[in-house]
Amino acid sequence: MIRSLYIRVVLTFLVSVIVGIIIAFLITFWVFEEKLNENLQTTLLNFGQDIVRVYETIPLREANLFVSGMKQLDSYHIRIFDETGQFQSYGTLNGQNPATVTMDQVKKVLGGEVVQVNPSTVATNLLGLPLKTEMGTKAMFVEPLTSPSSTFAVKWLLTFLTYSLIAGSLLILVAAIFLIRPIKKLTTATKRIAAGDFNVKLNIKQKGELGTLARSFEEMMHDLQQLEQMRKEFVSNVSHEVQSPLTSISGYALALKQVDIADHERSRYLDIIIAEAGRMSKMSDSLLKLSLLESQSRQLRLITFSLDEQIRRVIVAIQPQWSARSIRFDLNLKAVQLMADHDLLNQVWTNIIGNSIKFSMDGGIINVSIKQDIKNVTVRISDTGIGISPEDQKRIFERFFKADRSHSRKYGGSGMGLAIVKQIVSLHQGDIRVESEPGRGTTVIVTLPIIAPTD
């Protein structure tokens with residue numbers, strides 16, 4: 001089995017050229033065979049009839065001299081038979097064997113018949129014509145010869161095809177080298193990437209299919225590099241997020257082993273252990289949910305429901321969070337019927353509004369509005385909280401990312417909420433974006449299709 005692409009390209013070219021020439025020759029011969037045979041027979045008959053007229057017009061001796069000096073004898077061989085089977089020939093055979101003439105054929109021609117031998121093929125033709133002379137009727141047989149010019153043409157054609165094949169083979173060998181070179185570069189780059197080295201430069205400047213393949217490979221390499229970086233950051237973030245509560249749980253569990261600890265201290269330590277365990281459990285649930293959403297194994301359970309009513313219910317459900325801090329809501333909720341996954345969108349509004357409450361000042365105002373056009377519905381949730389810096393706005397939808405690092409202990413959270421929100425909105429083929437200025441609040445804008453995709 002030939003595995004080398006280089007050899008395959010060369011052999012494919014050679015086989016294609018050879019088979020193409022053979023097929024073209026056979027088809028051409030099949031198409032023009034009848035015409036070739038017809039032309040040859042007509043030419044042969046015309047020449048024979050000209051000879052007959054010569055012998056009918058001038059005396060036998062002069063006719064023999066005239067025929068023996070004809071230039072056409074380079075292409076034809078003439079034999080003139082008498083009744084005894086003796087014959088006189090004119091013309092040189094050029095190394096060919098003369099066609100066999102039987103006495104039956106001679107007698108038929110002497111009897112006035114025209115005899116054609118092998119008239120259906122181009123390879124051999126023999127024409128017999130009665131020849132009337134002053135010495136009586138004779139039988140003339142004319143056969144075509146392969147002329148020197150025809151032989152030269154055949155040799156020239158074969159030589160041309162041979163050199164064309166050799167030249168074409170050399171050219172395809174050179175072309176194959178340039179064809180295989182970028183593929184070898186891609187193979188080497190693939191091995192380096194598989195080994196974890198993403199700093200690979202292909203330097204393939206070709207256009208066409210190979211150029212497109214090289215560009216796609218470079219894009220894939222860049223994506224893999226980003227994916228590897230994200231993996232490292234994910235492992236680092238998970239380790240950090242898990243290590244912090246584990247350290248607290250371990251430390252306070254050891255403190256509980258002390259015999260002389262006061263009851264109120266013991267109770268406080270237990271509360272801290274329970275809270276840290278709850279934080280780890282919540283983070284674990286968020287990771288599992290995000291993983292499920294990203295794997296696309298979570299199918300959307302589409303139903304039609306009232307979006308404005310859903311948002312109102314979410315605000316009522318988290319009332320303890322905002323009423324304790326005297327935060328008020330300014331609602332401008334247009335009645336909208338939406339086809340989407342009710343449970344997933346419920347989590348979207350819970351996470352976004354929860355963040356608005358968390359980062360708002362006491363006594364602040366949160367604005368929630370709904371707008372609808374022909375195909376989409378847009379929900380805007382604005383607060384007057386601490387805001388987000390332009391640098392952090394680019395990363396707030398990444399898992400474990402916390403925009404307000406200086407207040408991370410104060411505000412808490414695992415940094416998973418907006419990553420889950422982003423994934424849910426993407427599953428609905430919607431869009432989410434953020435507008436914010438530090439110290440002047442944040443607006444989250446969610447755009448969803450009124451009828452969610454079913455695939």
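**Two sheets and their helices**

Biologist: Let's start with one pair: which residue is the bridge partner of Lys132 in β5?
Modeller: Happy to, and please keep in mind that this is a predicted model. Strand β4 covers residues 126-133 and runs antiparallel to β5, residues 136-144, with seven bridges joining them. In β5, the residue paired with Lys132 is Thr137.

Biologist: Which strands of the sheet β2-β1-β5-β4-β3 stand at the edges?
Modeller: This open sheet has five strands with antiparallel pairing, in the order you give. An edge strand has a single partner, so one side of it is left without a neighbour in the sheet. That description fits β2 (87-90) and β3 (115-117).

Biologist: And by how many degrees are neighbouring strands of this sheet turned against each other on average?
Modeller: The order to walk along is β2-β1-β5-β4-β3. With direction ignored, the average turn between neighbours in this sheet is 25 degrees.

Biologist: Which helix lies across β1, β2 and β4?
Modeller: Two helices are worth a look here. Helix α3 (residues 103-110) packs on the sheet by touching β1, β3, β4 and β5, and makes about 120 degrees with the direction of β5. The helix across β1 (76-81), β2 and β4 runs at about 40 degrees to β2, and it is α2, residues 60-68.

Biologist: Now the other sheet: what is its strand order?
Modeller: This is an open sheet of five strands with mixed pairing. β7 (328-332) and β11 (431-436) each have a single partner strand, so they stand at the edges. Reading across, the order is β7-β9-β10-β12-β11.

Biologist: Which residue in β9 stands opposite Leu331?
Modeller: β7 and β9 (residues 365-372) run parallel and are joined by five bridges. Across from Leu331 in β9 you will find Val368.

Biologist: Which residue in β12 is the bridge partner of Ile381?
Modeller: β10 and β12 pair in the antiparallel sense over seven bridges. On the other side, β11 and β12 are also antiparallel, over six bridges, and Val434 stands opposite Val444 there. The partner of Ile381 in β12 is likewise Val444.

Biologist: Is β12 mostly covered or uncovered, and how many of its residues are buried?
Modeller: Helix α12 (residues 417-427) lies in contact with β11 and β12 (442-449). β12 is mostly covered, and its buried residues number seven of eight.

Biologist: Which residue in the turn between β11 and β12 has a positive phi?
Modeller: β11 and β12 form a hairpin, with five residues between them. The phi in question is about 85 degrees, and it belongs to Gly439.

Biologist: What is the handedness of the crossing of α9 and α12?
Modeller: The axes of α9 (residues 342-358) and α12 come within 9 Å and cross at roughly 140 degrees. Among the residues that meet are Leu344, Val348 and Ile352 in α9, and Leu418, Val421 and Ile424 in α12. The contact divides into eight nonpolar, four polar and no charged residues. The crossing itself is left-handed.

Biologist: Finally, where in the chain is confidence lowest?
Modeller: The chain averages a pLDDT of 78, with 77% of the residues scoring at least 70. Confidence is highest in β10, at 93, while pLDDT stays under 50 over residues 405-409. The lowest element, with a mean of 47, is helix α11, residues 408-411.

Conventions
Residues are numbered from 1 along each chain as its sequence is written. This is a predicted model: local features need pLDDT of at least 70, side-chain atom pairs count only at pLDDT 80 or more; totals for chains, interfaces and linings use all residues. Side-chain values use heavy atoms; hydrogens and water are left out. Two strands pair if DSSP finds at least two bridges between them. Helices (H or I, at least four residues) and strands (E, at least two) are DSSP runs, numbered from the N terminus. Contact means heavy atoms within 4.5 Å. Axes are lines fitted to C-alpha atoms, for helices over the stretch in contact, and angles run from 0 to 180 degrees between N-to-C directions. A crossing is left-handed if the near helix is turned anticlockwise from the far one by less than a right angle, and right-handed if clockwise. Ala, Val, Leu, Ile, Met, Phe, Trp, Tyr, Cys and Pro count as nonpolar, Asp, Glu, Lys and Arg as charged, and the others, Gly among them, as polar. pLDDT is the predictor's confidence in each residue, from 0 to 100. Buried means under 20% relative accessible area, exposed over 50%, partly exposed in between (1.4 Å probe, protein chains only).
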